[in-house]
Structures are given as C-alpha cells and as structure tokens.
Amino acid sequence: VDPFVVQVLLQTPLIDDRSICIEVFLDPRAVIENLFPIGINLRSPMPHTFSSASRETVLGNDVVYDLQPGDRVEVFTPGPSIAVTMKPTDNPIAGSSLTWMDGGWIDLPLLSEFRLPEPMTCYFPFTEFHSEGDAFQQRRSEFFIAEGYDCLEMLSDAKTDKVTRMSKIQPIMREVSLADPLRSFLVTVCCYGVDHTGDILFELVPNRNRGTRRRNPENGGRKRFARKNTTHYHPFGAFSSESGWRRLTMLPTTNSTLRLLQLTMEGEAGYRATMPFTMDDLEIGEGGVDTTPILWENKKRSGYFAYRRILNEHQSEIHIVPEFMVFNGSSEMVVIMERGMEDVIIEAGQSVPLKCVSRMGGLELALNFVQAENRTKYIRVGLLGLKMEFVHSITGARVGSVCVQTALDTRGDARLVVKIGEIMSGSKATAAPSMIPAFLADDFIRFRVRWTELQLILNESQENSTRKRLPSHDAASPAYSGTTGPKNVEEKAVEIVQQPLMSVNFYRFTVASPSTHSEGEATVKR
C-alpha cells in the first residue's frame, strides 16, 4: 500500500459565544504554481501528485503536467522531498528552442525543518549548442523557484533597481487561505519581453571581457594571428500569446544588458543588431509618450520604441512597440498605402502596426476604401493633430471627406496611433457640422489657456450736455423776424463721456474649460 500524506488543520470557532464548531481541513503537503506568462510542462517521478490542468501525460513512471499560467500541482507525496523538472510546453515561433531544465531533477523540500531560504536560480538550456563564440550564459534562459511570497519578494533589488523607488507599485495579491502551513513553490521569471511588432528577438549581450587572454610578455608583444570576425547570435525564444500579434520572451534579471535582433538578408549572420541597453535605461509607463527610441549599432534610428511596465515588486515587462499604428474606425475595409512599403489591409474596427523603419521625413499615407472604390491623396500624418481630407472616386471626382487623427496611443501598442473615420458625403452645410462631432463622439476635450497678464478696465459713462442757440418763435424776441415761426429755443446735444473707474489686473492665471480658476494673484486699482 502506498502511503498518502495530507495536512490536517483543525479550527474550533465559537458560535454565538456558546457553542464550539470543529472544522477539519485536508490540504496537500505542498503546491507548485506556474507564474510564467507561458505554459510549462512539469514532470515528476513521485507518486500522488494531482493537478487541475486538463492535460497530463504518463511517460513510464513519470507524470508530465501541462500547466498554463496560474495552474498548480498538488503534492501528496510521502518522503522528505519531491523531484521535479520542467520545460516550456510549446516550441517558440522564433529564436532558440528550450529543453528540460539544466541539471536534470531538482529536489523541493517537503519537511518543515527544511525550506528554501532564498529563490533558487534555474535555467532552461538552448537546444542549439555552439562550441565557439560566447560564454555558456548566453545559451540558456533564466527563471526562479521561490517558496512562498515572502521569498519571492527577495528578487527585487533595492540597490540597483529604480523600480523600488516608485510609489505606484502594485502589491502581489495573495489569496488568504485558512491553511497557513500549506507550502507553495512558485515558478516565475523576473522579467519578460512583449514584442508588438512581430519581427524582433531579444538577446543577452555577450560579455566581451570573458574568455580574453592576457598578452604573454615572453612573446615580445608580437601578434600571432588575426582573429576571425565571426559573430554568433543566440536570441531568446519568442512564444505566441493569446493577444494576437504579440510575442512573449522570458528575460533574465533587471541588471542584465540586452539588445534586439531583426531578421535580415544583409550580411552573413542573418541578423541586424541594435545598441545594447539595460532595463533601467527605459521609460517606465504605459506606452505613448513614455517610450524610449532604440538605435541600431551604427547609432541610426531603428523605428522601434521601448518602455517598461511594472507588474509587482519583483516582476516587470519590456514592451517593444512600433512608432505608428493605424486604427480603422470606419465601417469598411481600408488599404493603407505608403511610398516604398507594402500595402496594409485593415478590417473595420481593427488596428495594425506599421513596419518599423526610420521615417526621418515623417509619415505620409494614402487611404483606399475598397468597397466604396474611393481613395484619398497622400496625407502627412506624422505629427499630432486632426485633418479633414477629400475622398475621390476612381474618375477623380470628390465624393466626400474623411477625418484622420494622429494621437498618442493609450493602450501601449505603439507610440502614435492614426485613427481613420467614416466617409462623410453631402454638402458643406450638412457635412461640416456633423463630421467632427461624429468622429469625436466618445472623446473628451478640455481646453486650458495659461496667460501671463490680463487687464480689465471698468469705465463710468455720463452725459456731457452742450447748449446751442436756435431761432425763437416768440414775437417779442429781437431775433425774431417775420410774422410766424420760432424766435428762440434751446436744444440739447448729448455726448457720452467715459471715465476710468476701476482696473483689475490678473497675473499668471489659467483659464480651463468648463471651469475657470486662477493660479496666480490679482491686483485691483481704483
């Protein structure tokens, strides 16, 4: 009979301060939880291990569990420890493939006297092996196994990581369980890359100082032979994700130096590399304006931008985004045309990133509405702003206009997003008032005007009367001549005179819509 070990927890709460209720909890000895952003295969030869995962495979005496992010394995195994090994479930869609973890099996302690005092560093080795070139550290992917969330927090380095100085770090949300003695082994990585472009790979920058030999003084400083300039690239594997075109890559700790690799037909290596960068060099934010440009090795702009997103105290993401993305807000399919580039087809309501190239002269696009068989001329949309562009038919006649807006991306998929609206047709009187409100119906616009000085003068108005002598109708008047008619009468000529009464001066104030408020001071003179 195989022993089956469980943890028993008894609780005796009081009911109405009189009756005692006895609660018995049966829990496993330990759980192993997948905190990777990708699925992993966990393999163990030990008996009595169970998982909520829907897929498991039996290989001889071993059981292989397919754990998706958040899945766990419950351990009821007797003995002082449990032997496990693991590897990613799927093969990467690009880059280096990974195999079972380096070193074979590892033992996780199950006795209460033995615990993991700090996170255990483990590696997934690359399946491709190169006998020359870079150090062995460039041919494996790093991850960690920590016992409990307290041990997991030790992965954050307060001395080298500027993330710990931020005030907006999201704490790890731990589910409070009644069975505190339950041991949890968490499998995770400190950082992983998110590629929004679909055409780059991450690589750990080789250490140029490793493996170099000192010059032997007995040789008289002579050069024996010239070293062959051959570069071997070992990019990390890029895995597919559930969110469309994004690709995930497991990265090492935050103090590592990385670079990006782009597949190219130029050169012998087949890759084009960027300048090295560290994670602390990147802007921390959610994309848009909070992005850092990435340069090629020749220090020219690559068209790629990067930012860092903080998940918790020990984990962060590096996002690689394009400079421009196009969103089709119309109700029909649109073909985006750019000079020197392939046409991009965008369905209604969808977004597509543009190819990452250096656009020093800005971005010019032409829109082709397939169903309506209409198109626009080339529009300069490289700067923030809102433009109305005429739409022409195949014969060249104007059939309406379309609104095109360039704005900062707020979803973290690009630096700038170009939004395309519906085609508006009809006369100017009907189209002009409805075109922009329909396109900006879900937007909130607030105007803020900051003025240095504004002077308001209050004038007092009064009448200034002047009297003029006119002929009178009185017969006794000496000015009267004739038998009839007026002799003398007074007529008033009214003149409005304005005299300054009060002056109000506003200094350094801001006018905001819909409210107006003052941030500076005001002086009143009478």
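Modeller: A cavity is a set of points on a 1 Å grid where a 1.4 Å probe fits but cannot get out. This model is predicted.

Biologist: How many cavities of 30 Å³ or more does the structure hold?

Modeller: The count applies to cavities of 30 Å³ or more. With that cut-off, the number of cavities in the structure is two.

Biologist: How much space lies in the second largest cavity?

Modeller: Its lining includes Lys87, Pro88, Thr89 and Asp90. Phe239 is also one of the lining residues. The space in this second largest cavity is about 30 Å³.

Biologist: How do the residues of that lining divide into nonpolar, polar and charged?

Modeller: Lys and Asp count as charged, while Pro, Leu and Phe count as nonpolar. The lining includes Lys87, Asp90, Pro92, Leu98 and Phe239. Asn91 and Ser97 are among the other lining residues. The split is four nonpolar, three polar and two charged.

Biologist: Which strands each supply at least two residues of the nonpolar patch?

Modeller: The patch on the surface includes Val8, Leu10, Val24 and Leu26. Its residues together have about 1000 Å² of accessible area. Leu26 sits in strand 4. The strands that each give at least two residues are strand 1 (7–11) and strand 4 (23–27).

Biologist: Is Leu26 buried or exposed?

Modeller: Leu26 belongs to the nonpolar surface patch. A residue is called exposed when its relative accessible area is over 50%. Leu26 has 58% relative accessibility, so Leu26 counts as exposed.

Biologist: Is Val58 buried or exposed?

Modeller: Val58 is in strand 8 (residues 56–59). Its C-alpha atom is 9.4 Å from that of Arg43, 15 residues away along the chain. The relative accessible area of Val58 is 57%, so Val58 is exposed.

Biologist: What separates Val31 and Leu182 in space, C-alpha to C-alpha?

Modeller: Val31 lies in strand 5 (residues 30–34). Val31 is buried, with a relative accessible area of 1%. Val31 and Leu182 are 151 residues apart in sequence, and their C-alpha separation is 7.7 Å.

Biologist: What is the phi of Lys299?

Modeller: Most residues other than glycine have a negative phi. Lys299 is in the loop between strand 24 (292–295) and strand 25 (301–310). Lys299 is exposed, at 62% relative accessibility. Its phi is positive, at about 65°.

Biologist: Where does Glu373 lie?

Modeller: Glu373 is not a glycine, yet its phi is positive, near 55°. Its place is the loop between strand 31 (364–369) and strand 32 (374–375).

Biologist: Which residue forms a salt bridge with Glu317?

Modeller: Glu317 is buried, at 8% relative accessibility. Its partner is partly exposed, at 29%. The closest N and O atoms are 3.2 Å apart, and the partner is Arg309.

Biologist: How many residues apart in sequence are the parts tied together by Glu338 and Arg359?

Modeller: The side chains of Glu338 and Arg359 meet in a salt bridge of 2.8 Å, N to O. Glu338 lies in the loop between strand 28 (334–337) and strand 29 (344–346), and Arg359 in the loop between strand 30 (351–353) and strand 31, so the pair ties together parts whose separation in sequence is 21 residues.

Biologist: Are Glu338 and Arg359 buried or exposed?

Modeller: A residue counts as buried under 20% relative accessible area. Glu338 has 13%. Arg359 has 11%. By that cut-off, both residues are buried.

Biologist: Which residue forms a salt bridge with Arg339?

Modeller: The closest N and O atoms of this pair are 2.5 Å apart. The pair links distant parts of the chain, 25 residues apart, from the loop between strand 28 and strand 29 to strand 31. Arg339 is exposed at 53%, whereas its partner is partly exposed at 24%. That partner is Glu364.

Biologist: Which residues are linked in a network of salt bridges?

Modeller: The structure holds 17 salt bridges. One network of them links Arg115, Glu147 and Arg183.

Note on methods:
Residues are numbered from 1 along each chain as its sequence is written. This is a predicted model: local features need pLDDT of at least 70, side-chain atom pairs count only at pLDDT 80 or more; totals for chains, interfaces and linings use all residues. Side-chain values use heavy atoms; hydrogens and water are left out. On a 1 Å grid over the protein atoms alone, a cavity is a set of points where a 1.4 Å probe fits but cannot get out, and a pocket is an open set with protein on both sides within 12 Å along at least five of seven lines; lining residues have an atom within 4 Å of a point. Grid points are joined across faces, edges and corners, and a volume is the space filled by probe spheres set on the points. Helices (H or I, at least four residues) and strands (E, at least two) are DSSP runs, numbered from the N terminus. Buried means under 20% relative accessible area, exposed over 50%, partly exposed in between (1.4 Å probe, protein chains only). Patches are made of residues with over 30% relative accessible area and no salt bridge: like charges are joined within 9 Å, nonpolar side chains (Val, Leu, Ile, Met, Phe, Trp, Tyr) within 5 Å. Accessible areas come from the Shrake-Rupley method with a 1.4 Å probe; for residues, only the protein chains shown count as cover. A salt bridge is a side-chain nitrogen of Lys or Arg within 4 Å of a carboxyl oxygen of Asp or Glu.
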